[in-house]
Every structure is written in structure tokens, then in C-alpha cells.
Amino acid sequence: MATQTAPLRTREPVPGGRAARSAKNAAARAPGERSLAAAPSTWFVWAGTAAFFIFLIGILVSVVVDSFGKGWFSTWLPASFTTGWYTQAWDTFGMAQIIGVTLSVALLVIVISVLIGVPAAYLLARRTFPFKKAISLLFLLPVMMPPITYGIPLATVMYNFGLGRTLTAVILVNLVPSVPFVIMTMTPFIEQINPTIENAARMSGASLGRVFTRILFPLLIPGVLAASILVLVRTVGMFELTFLVSGPQSDTLVVAMYRAMTAAGGGTERPLISSMAVVYTATMMIILVIALRFVSPTQLVARVKDSRDD
């Protein structure tokens with residue numbers, strides 16, 4: 001006996017139900033307009049992000065106000081404002097000499113790190129040799145380990161060779177994490193460049209040096225700039241290694257701030273320290289703004305891939 005099956009019926013939205021309300025809200029919105037309704041987790045993430053930035057901006061504003069204020073203890077704002085703290089800090093701590101040392105150390109560390117790190121990264125990317133993975137792991141150690149763990153032995157070696165408290169020692173100890181950092185940054189860039197470009201140049205009679213300087217290095221400029229920016233930020237902000245081997249004539253800005261805070265048992269006036277902190281932050285911001293005018297870190301990988309596809 002044949003059985004009859006009833007035809008399937010689609011559920012129609014109940015008037016006043018969720019589907020009807022969603023359709024009504026969608027119709028009421030203008031084209032391109034998004035609904036303010038979101039999941040609770042989304043609002044939680046946005047609230048946490050907003051709280052973080054409010055907290056960060058509050059700290060920065062309080063330091064800036066403190067660097068200009070006079071008699072700021074229990075009130076919302078200082079009783080008066082002055083630029084004298086900056087003048088006093090500039091004369092007392094020799095800020096011109098400290099900034100000059102900081103920029104000199106950062107520039108020399110960048111140049112030496114690139115000169116050593118880029119050829120080493122090329123060998124790791126293009127050559128196969130025994131213990132290659134072990135050597136790559138050794139390069140990772142100074143980047144991953146806390147600087148203080150190898151900073152004390154490094155400082156001991158520097159003082160044993162009579163280099164302690166000198167500019168040479170500051171540059172050498174900062175090279176220890178910077179060179180591996182350049183190698184680890186540049187190796188993926190070199191691996192993404194098609195090796196047939198180099199092979200074609202070698203078949204045309206170009207030497208390895210000319211291939212590297214005339215063909216490969218122009219393709220690696222985005223990676224070199226990115227590595228240089230990261231080394232710059234790391235060197236200027238490096239405290240542990242620099243503090244262990246620097247002296248009065250070789251202190252960078254971050255170390256000079258620490259010495260000013262601990263001088264005379266911490267008796268240095270707070271606005272002086274705040275003014276030094278503002279100078280340090282402004283210096284870093286200026287360096288980054290100038291550096292980022294030449295390279296966009298968010299587009300580096302895309303550029304290298306485009307060059308390989310060609």
C-alpha cells in the first residue's frame with residue numbers, strides 16, 4: 001500500500017520573533033551601516049583595549065605634566081608650570097653628550113650587525129653544511145635568553161681586557177644580541193627570493209660578490225631596513241648589557257636615567273627624572289618616525305614575495 005508523504009513546509013517567521021526583528025532592523029539601516037549589536041565577548045575585548053590605552057595615555061600625560069610642574073603633591077594639577085626642569089636636567093646630566101653617545105652606539109651597532117648578519121643569513125639560506133640546525137639554534141639563544149644571563153660573563157671578559165666603562169665595550173656587548181637578530185630576520189627574506197635569479201647571473205659570468213651586491217642586495221633592502229629599525233629600537237632601549245659595561249662617558253640615555261634615579265640614594269628631584277623620561281620618549285619617537293618614512297613593516301613580506309614571483 002502506497003504511503004503519502006506530506007510536503008515539507010518552510011517555517012515562516014513568527015510576527016515579533018527574532019527573525020522578524022532582524023529583518024526589520026536590517027531594513028531600517030542605511031546601506032553600509034553596521035549594527036551596534038555585538039557579542040558580549042566582542043564588547044569585552046574592546047573594553048579591555050580601551051582601558052589599556054587610557055591607562056597608557058594617563059601615565060604618559062602624568063609624566064609630561066610632572067616634567068613641567070612645580071609643587072605637585074596632593075592636587076590634581078601643579079601649582080605652576082615651568083620649563084626650568086629641562087634646562088636643569090640638560091646641564092646637570094649632560095644630556096647633549098648622552099644623546100650623542102646613544103645615537104653613535106645605535107648607528108655603529110646597526111652598521112656592524114648588517115655587515116656581519118646579512119652574509120651569514122645568506123649562507124644559512126643558500127648553503128647546506130654539517131650542524132646547520134645546531135648553529136641556527138645557537139644564533140637564537142642571545143635573542144631568546146634574558147640579556148642578564150650572558151651579560152655578566154660578557155662584562156667580566158670586557159673588564160679583564162681593560163675595555164670596561166668604554167664606548168667600545170658598549171658597542172661590543174650590544175652586538176651579541178643584534179647580530180643574531182639580523183640573521184634571524186634576514187634568513188626568511190633570502191629564502192623567499194628565487195635562486196634562479198642568482199644562477200642566471202652566475203651563468204652570465206658574474207662573480208659571487210657582484211651577484212650579492214648588484215642583484216641580491218637591492219632585493220633585500222626592505223628586509224635590511226626592517227632589521228635595522230628593530231636593532232635600533234633594541235639598542236637604544238637595551239639597559240642590562242649597557243649598564244654592566246658603561247661608564248660616565250659611555251652611558252646611553254636609558255642607563256643615564258637609571259643612574260640619575262639612584263644618585264644620592266634616590267634623592268634626585270622627581271621632575272628632573274620626568275624631564276629625562278620625556279626626552280627619552282621624544283627621541284625614540286623621532287627616530288621611529290624618521291625610520292618609518294623609508295619602510296613600511298606591514299608590507300615587507302609582500303614585497304619580497306612579489307620580487308620572487310617576478
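This is a short walk through the salt bridges, a helix crossing, a surface patch and a couple of unusual backbone angles in one protein model. Before anything else, keep in mind that the model is predicted.

Okay, salt bridges. How many salt bridges are there by the rule used here? The count comes to 3, and I'll take them one at a time.

Let's start with Arg270 and Asp66. Their closest N and O atoms are 3.0 Å apart, and the two form a salt bridge. If you're following along on the screen, look for Arg270 in helix 12, which covers residues 270–292, and for Asp66 in helix 2. The two residues are 204 residues apart, so this pair links distant parts of the chain. And is Asp66 buried or exposed? Asp66 is buried, because its relative accessible area is 7% and the cut-off for buried is under 20%.

Next up, Glu198 and Arg126. This is a salt bridge too, and here the closest N and O atoms are 2.7 Å apart. Glu198 sits in helix 8, residues 195–203, while Arg126 belongs to helix 4, so the pair ties together parts that are 72 residues apart in sequence. Glu198 has a relative accessible area of 6%, which means it counts as buried.

The remaining pair is Arg259 with Asp251. Again we have a salt bridge, with 2.7 Å between the closest N and O atoms. The partners sit in contrasting surroundings: Asp251 is buried at a relative accessible area of 6%, whereas Arg259 is partly exposed at 31%.

Now for helix packing. In general, you describe two packed helices by the angle between their axes and the distance between those axes. So what do we get for helix 5 and helix 7? Helix 5 is residues 132–144 and helix 7 is residues 167–191; their axes come within 8 Å and cross at roughly 125°. That angle makes helix 5 oblique to helix 7, because it falls outside the ranges for roughly parallel, antiparallel and perpendicular. As for handedness, the crossing is left-handed.

Staying around those helices, there are two loop residues I'd like you to click on. One is Phe131, in the loop between helix 4 and helix 5. Phe131 isn't a glycine, but it has a positive phi of about 60°. Phe131 is also exposed, because its relative accessible area is 68% and exposed means over 50%.

The other is Arg165, which you'll find in the loop between helix 6, residues 147–160, and helix 7. Arg165 has a positive phi as well, near 65°, and again we're talking about a residue other than glycine. With a relative accessible area of 47%, Arg165 is partly exposed.

On to the surface. Which residues make the nonpolar patch? They are Phe52, Phe53, Leu56, Ile57, Leu60 and Val61, and together they make about 560 Å² of nonpolar surface. Take Leu60 as an example: it lies in helix 2, residues 40–68, and at 44% relative accessibility it counts as partly exposed. Helix 2 is also where we met Asp66 earlier.

Last stop, Leu103. You'll find Leu103 in helix 4, which runs over residues 95–126. Leu103 is partly exposed, at 38% relative accessible area. Its C-alpha is 9.0 Å from that of Leu232, although the two leucines are 129 residues apart along the chain.

That's my tour, thanks.

How values were computed. Residues numbered from 1 in each chain as written. Predicted model: local features only at pLDDT ≥ 70, side-chain atom pairs only at ≥ 80, totals over all residues. Heavy atoms only, no water. Helix = DSSP H or I, 4+ residues; strand = E, 2+ residues; numbered from the N terminus. Buried < 20%, exposed > 50% of the residue type's maximum accessible area, 1.4 Å probe, protein only. Patch = residues over 30% accessible without salt bridge, like charges linked within 9 Å, V, L, I, M, F, W, Y side chains within 5 Å. Areas by Shrake-Rupley, 256 points an atom, 1.4 Å probe, with all protein chains shown as cover. Salt bridge = Lys/Arg side-chain N within 4 Å of Asp/Glu carboxyl O. Axes fitted to C-alpha atoms, helices over the stretch in contact; angles between N-to-C directions. Parallel < 35°, antiparallel > 145°, perpendicular 65-115°, else oblique. Left-handed = near helix turned anticlockwise from the far one by under 90°.
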